Amino acid sequence: LFSNDNVALKNREAISLLIEIRKMQKNDLRLSKASYDLDIKVKDNNQYLVLENSYLQFNFMDSMSNIYNIENNFTIENIDGEYKITNFDKGQDFFVMLDDGDYTRQDYLELTKKRLAKDEKFYQSYLDNGVKPLNCDHSYDRKKALDYALTWVNKRNSDWVTYDANCQNYASQVLYMGGIPMDHYGSKEVQWKAYSASYNEKEVPNGLVYTWTYVPYFASYVKENTGYGICARYDENIYYAEAGDIIHVGSSGPTRHALVVIGSVKKDDKVIDILVNSNTVDLENYPLSAYVYPYISLIKVYGWNN
């Protein structure tokens, strides 16, 4: 199908990366059901944008997982009487990762082995100990956070500014709707606010700081904030995740993408996987183990302080 050897190689490497990492997981990530909607848009005479909706049922789950509006960009040309793909790119983790830095497919497999070893330690600790919550002045309303996460997973709330990369913005909105107040106290690293779209790092209740919208900055806010505002732990045991918590993932660190926890999959009353929603790549009821990113960190939200 390809006329460009480099594009063909990237396509094969990406699909191989997806398959190999999923086969490394404890849960059976083969598909028992799958269907797709494709919306094909002509960009010009030989360039096409295909928006892909996927409806997937993984073998270890009873419910469906949905992926909305994945962008597939094709350039197709007539070469010696046959149509061939001269360029192709896909906006999904297993493709995006191959563009990140100098990592190869084999590098990612090694990183994934290390993460799975960490996950195994987390799981044993989860079985043996249980979570030790932080003491916060006010609790987190997980039901309100979950309701918002379910409502706005594949659409955008016009009450808020929307961004092309909307994942942390969506996650921040979920936290806010769960009762975590905007925080305009301190330096820009320990503020968290989105009163409007205008950047303003002054200690006033207006404007925006990038801790609201940018994954690494929000992680810094969680780790560095000590007084008013969010009361949470960074890089907590993943098996303690509950609806309304936030997970960060990425290829060279947990810095690329934000997910919102909506529940878990259990076997014999024990958590075996975490279910997430997200914006940008709009995922609904998606198992964390199906992600290919090798870095994963849970932000465990307990409430907020005065």
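1. Asp183 sits in the loop between helix 5 (167-177) and helix 6; helices here are DSSP runs of H or I with at least four residues, strands are runs of E with at least two, and both are numbered from the N terminus. Please keep in mind that this is a predicted model, where local features need pLDDT of at least 70, side-chain atom pairs count only at pLDDT 80 or more, and totals for chains, interfaces and linings use all residues. Residues are numbered from 1 along each chain as its sequence is written, and side-chain values use heavy atoms, with hydrogens and water left out.

2. Which side chain of opposite charge is nearest to Asp183? That is Lys193, 8.8 Å away, and Asp183 is buried yet has no salt bridge. Buried means under 20% relative accessible area, exposed over 50% and partly exposed in between, with a 1.4 Å probe and protein chains only. A salt bridge needs a side-chain nitrogen of Lys or Arg within 4 Å of a carboxyl oxygen of Asp or Glu; for charge, Lys and Arg count as positive, Asp and Glu as negative, and His and the chain ends are not counted.

3. Asp183 does have polar partners to look at. Its side chain makes a polar contact with the side chain of Tyr221 at 2.9 Å, and a polar atom of the Asp183 side chain lies 3.0 Å from the backbone nitrogen of Tyr185. A polar contact is a pair of N or O atoms within 3.5 Å; within protein, one must be able to donate a hydrogen and the other to accept it, and residues adjacent in sequence count only if both atoms are side-chain atoms.

4. Now to Tyr221, which lies in helix 6 (residues 215-224). Tyr221 counts as buried because its relative accessibility is 0%. Beyond its neighbours within four places in sequence, Tyr221 is in contact (heavy atoms within 4.5 Å) with residues including Trp192, Thr211 and Ile230. With the same sequence neighbours left aside, the contacts of Asp183 include Trp192, Lys193 and Asn225.

5. Elsewhere, strand 3 (residues 65-79) pairs with strand 2 (residues 47-58) in the antiparallel sense over 9 bridges; pairing requires that DSSP finds at least two bridges. The hairpin from strand 2 to strand 3 runs through 6 residues, and Ser54 stands opposite Ile67.

6. Strand 3 also pairs antiparallel with strand 4 (residues 82-90) over 8 bridges. Their hairpin has 2 residues in between, and Asp80 in the turn has a positive phi of about 55°. Strand 10 (residues 282-287) runs antiparallel to strand 3, joined by 3 bridges, with Asp282 as the bridge partner of Tyr68.
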